Amino acid sequence: MATPPADGFHQRLHRVTPAGLSVQTTQTAGMSRVEALSGKTVGSVDLWMGQTHVAAATKSADHHHGRSETGIYVVSGHPSFVFLEHEEEIRLDTSPGDYIYVPPWVPHREENPDPDEEAIVVIARTTQEAIVVNLPDLRWVGPVATGNIGPANRDWHTY
């Protein structure tokens, strides 16, 4: 085993090639997640990063990512991201180069309406593990933020 670096400035960079992507992640029906950067693959502490593939003419099951914030970058295809706002389904239709931010706990799903082309997105999360909680629908029943929800003080209650 290698000796740990004397300080944080003398660590190595890691390269993960497409062949090194891991499918050993939590999955949601209608999509495939692969892990690139994580504690398991490169020893990261807080970061998880990977890809999601949504086949042509497919939609994922409804899900959320718990306490994790999720940043999404659209690589190819035209996926749509669906969530509820005041009990109404809202669709964010995207194109390559677009970014999507998914706040913690927000139920959503990905859809790929294109009948021929797979949609591929890159995902980064603020939790080292790739939290995925599959849901029966987009309505949320669970922890709800109350009071001061800044990063230093989050109060959660379950309803």
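The following exchange concerns the salt bridges and the largest cavity of a predicted model.

Trainee: Why is the contact between R91 and D93 called a salt bridge?

Mentor: The closest N and O atoms of R91 and D93 are 3.5 Å apart. A salt bridge requires a side-chain nitrogen of Lys or Arg within 4 Å of a carboxyl oxygen of Asp or Glu, so the pair qualifies.

Trainee: Why is R91 called partly exposed, and what makes D93 count as exposed?

Mentor: R91 has a relative accessible area of 39%. Partly exposed lies between the limits of 20% and 50%, so the term fits R91. D93 stands at 56%; exposed means over 50%, and D93 is therefore placed in that class.

Trainee: What makes the contact of R91 with E111 a salt bridge?

Mentor: The N to O distance between their side chains is 2.4 Å, and the cut-off is 4 Å, so this pair also meets the definition.

Trainee: How do you know that the pair of R91 and E111 ties together parts that are apart in sequence?

Mentor: R91 belongs to strand 7 (residues 88–93), whereas E111 belongs to strand 9 (residues 109–112). The two residues are 20 residues apart in sequence, so their salt bridge links separate parts of the chain.

Trainee: Why does E111 count as buried?

Mentor: Its relative accessibility is 13%. Buried means under 20%, and E111 therefore falls in this class.

Trainee: What is known of R109 and its contact with E111?

Mentor: R109 forms a salt bridge with E111, with the closest N and O atoms 2.7 Å apart. Both R109 and E111 are buried.

Trainee: Which residues are joined into one network by salt bridges that share partners?

Mentor: The network comprises D62, E89, R91, D93, R109 and E111. The structure holds 8 salt bridges.

Trainee: How many cavities of 30 Å³ or more does the structure hold, and how much space lies in the largest cavity?

Mentor: There is 1 such cavity, and the space in the largest cavity is about 50 Å³.

Trainee: Which elements give two or more residues to its lining?

Mentor: They are strand 5 (70–76) and strand 10 (119–125). Strand 10 gives the most, with 3 residues.

Trainee: What makes R33 and E110 charged and M31 nonpolar among the residues of the lining?

Mentor: R33, E110 and M31 are among the residues that line the largest cavity. Arg and Glu count as charged and Met as nonpolar, so the classes follow from residue type. By class, the lining has 4 nonpolar, 5 polar and 3 charged residues.

Terms used. Residues numbered from 1 in each chain as written. Predicted model: local features only at pLDDT ≥ 70, side-chain atom pairs only at ≥ 80, totals over all residues. Heavy atoms only, no water. 1 Å grid on protein atoms, 1.4 Å probe; cavity = no way out; pocket = protein on both sides within 12 Å on 5 of 7 lines; lining within 4 Å. Points joined across faces, edges and corners; volume = space filled by probe spheres on them. Helix = DSSP H or I, 4+ residues; strand = E, 2+ residues; numbered from the N terminus. Buried < 20%, exposed > 50% of the residue type's maximum accessible area, 1.4 Å probe, protein only.
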